[in-house]
Amino acid sequence: MATWVWFHKLASPPHIYRIAGRLTLLFTVPGVLALIVGLYGGLVTAPADYQQGDSFRIIYVHAPAAWLSLLCYTAMAIAAAVGLVWRMKVAHAFAAATAPIGASFALVCLVSGSLWGRPMWGTWWVWDARLTSQLVLFFLYLGYMALRHSFDDLSRADRASGVLAVIGLVNVPIIHYSVYWWSTLHQGSTVLRAGGPSMPPSMLVPLLLCFFAYTCCYGALVCVRLRAEVLNRERSPNWLSLNA
Amino acid sequence: MSLQSFIQFFVQFIHMGGYGPYIWTAYGLTAGVYLWNILSARRLHTSAVMRARQRLIASAESQALERP
């Protein structure tokens, strides 16, 4: 019963506006601290890789960006599904707030991966299953945002883009398992693998800090964007006067 | 650490074993994307607050006009 009360409270725009405001700072402080320590560890204290030399240091921006692009899409699709099933406007607002963040980090993942691939593989790009499915993810984000902007009516934009987000979720496990299902040039998982991470702690700890930092930064960014989305949708002046 | 050894460390750090251009481009792009995300989110929120305030003023004015 208490769970449903909590769930119904989330559908309330004034409540979510207030909660998002509090969470912004809560995510920002640990996120920025972890990012500074993680990047310092990755760029300065972590030793060079015995095969890849210093070029492996791109992993500290590449892998967390890849993780964030998948996390954002999953969160966006779940929120869109909740919005479609329960007709919850706040859920659609959350999905709309997540899309630009996810798209930007999918782009970081693709470009930083390409910058690593050039000296290591001798090419900027290959039509490898992992790279291609990640590119599809980037286009799904762009498609989601373009579809939203093609409607004047917000509720129709929510429904159409929500359906696209839910259908596109099928690409997320394809990206993750592509390195196991197909013979790819892209290496397998470094952290999430059977038998534990394949990195020594001096390299792994800064990487884990970067994963944590990116996730916190997403939390902070989505809270600010969600507040804007909620404000833009809300027409009731009573609570706006309290918050705006 | 003397000044000379610091400069030597700094040059090696920037050079990154010959991979400097690839590494710093990747980090520069990431910094740019972070900056864009922060600025665009703040701009979006500020403009939403401004529009909400305008709606409030318009609503208060229309209520004042409706009063006899």
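**Exercise 1. Decide whether Asp54(A) is buried or exposed, and find its salt-bridge partner.**

Step 1. In this predicted model, Asp54(A) has a relative accessible area of 16%. Buried means under 20%, so Asp54(A) counts as buried.

Step 2. Now look for the partner. Asp54(A) forms a salt bridge with Arg57(A), and the closest N and O atoms are 2.8 Å apart.

Step 3. Apply the cut-off to the partner too. Arg57(A) has 5% relative accessibility, so Arg57(A) is buried as well.

**Exercise 2. Work out which parts of chain A are tied together by the salt bridge of Asp158(A) and Arg148(A).**

Step 1. Start with the pair itself: the side chains of Arg148(A) and Asp158(A) meet in a salt bridge at 2.9 Å, N to O.

Step 2. Place each residue on its helix. Arg148(A) belongs to helix α5 of chain A and Asp158(A) to helix α6 (residues 154-168), so the salt bridge ties together parts that are ten residues apart in sequence.

Step 3. Check the surroundings. Asp158(A) is buried at a relative accessible area of 4%, and Arg148(A) is buried at 11%.

**Exercise 3. Describe the salt bridge of Arg233(A) and Glu229(A), then say which residues form the network.**

Step 1. The closest N and O atoms of Arg233(A) and Glu229(A) are 3.5 Å apart. A salt bridge needs them within 4 Å, so the pair qualifies.

Step 2. Both Glu229(A) and Arg233(A) sit in helix α8 of chain A, four residues apart, or about one turn of the helix.

Step 3. Both are buried: Arg233(A) has a relative accessible area of 17%, and Glu229(A) has 18%.

Step 4. Put this together with the previous exercise. Arg148(A), Asp158(A), Glu229(A) and Arg233(A) are linked in a network of salt bridges. For the whole structure, over all chains, the search finds four salt bridges.

**Exercise 4. Find which residues touch the most other members of the largest nonpolar core, and which helix gives the most to this core.**

Step 1. The largest nonpolar core has 79 residues, and Tyr60(A) and Tyr73(A) touch the most other members.

Step 2. Trace where the core comes from. Elements giving two or more residues include α3 (59-86), α4 (89-121) and α5 (129-149) of chain A, together with α2 of chain B. The top contributor is α8(A), with 16 residues.

Step 3. Follow one residue outward. Leaving aside residues up to four places away in sequence, Tyr73(A) touches Leu137(A), Leu140(A), Tyr141(A), Leu164(A), Ala165(A), Gly168(A), Leu169(A) and Val172(A).

Step 4. A bit of background helps here: in soluble globular proteins, nonpolar side chains tend to be buried together.

**Exercise 5. Characterise the interface of chain B and chain A by area, composition and polar links.**

Step 1. Count the residues: the contact takes 39 from chain A and 31 from chain B.

Step 2. Turn to area. The two chains bury about 3,000 Å² between them, with 75% of it on carbon and sulfur atoms. Tyr22(B), Tyr27(B) and Tyr34(B) supply 22% of the area that chain B buries against chain A, more than any other three residues.

Step 3. Look for polar links. Across this interface there are zero salt bridges, while eight residue pairs are in polar contact.

Step 4. Assign the chain B side to its helices. Both α1 (3-15) and α2 (20-66) of chain B supply at least two residues, and α2(B) gives the largest share, 26 residues.

Step 5. Finish with the classes: the side of chain B that touches chain A has 20 nonpolar, seven polar and four charged residues.

Conventions:
Residues numbered from 1 in each chain as written. Chains lettered and ligands numbered in written order. Predicted model: local features only at pLDDT ≥ 70, side-chain atom pairs only at ≥ 80, totals over all residues. Heavy atoms only, no water. Contact = heavy atoms within 4.5 Å. Buried area = accessible area lost by both parts, 1.4 Å probe. Polar contact = N/O pair within 3.5 Å; in protein donor to acceptor, adjacent residues only side chain to side chain. Nonpolar A, V, L, I, M, F, W, Y, C, P; charged D, E, K, R; others polar. Core = buried A, V, L, I, M, F, W, Y, C linked by side-chain atoms within 4.5 Å. Buried < 20%, exposed > 50% of the residue type's maximum accessible area, 1.4 Å probe, protein only.
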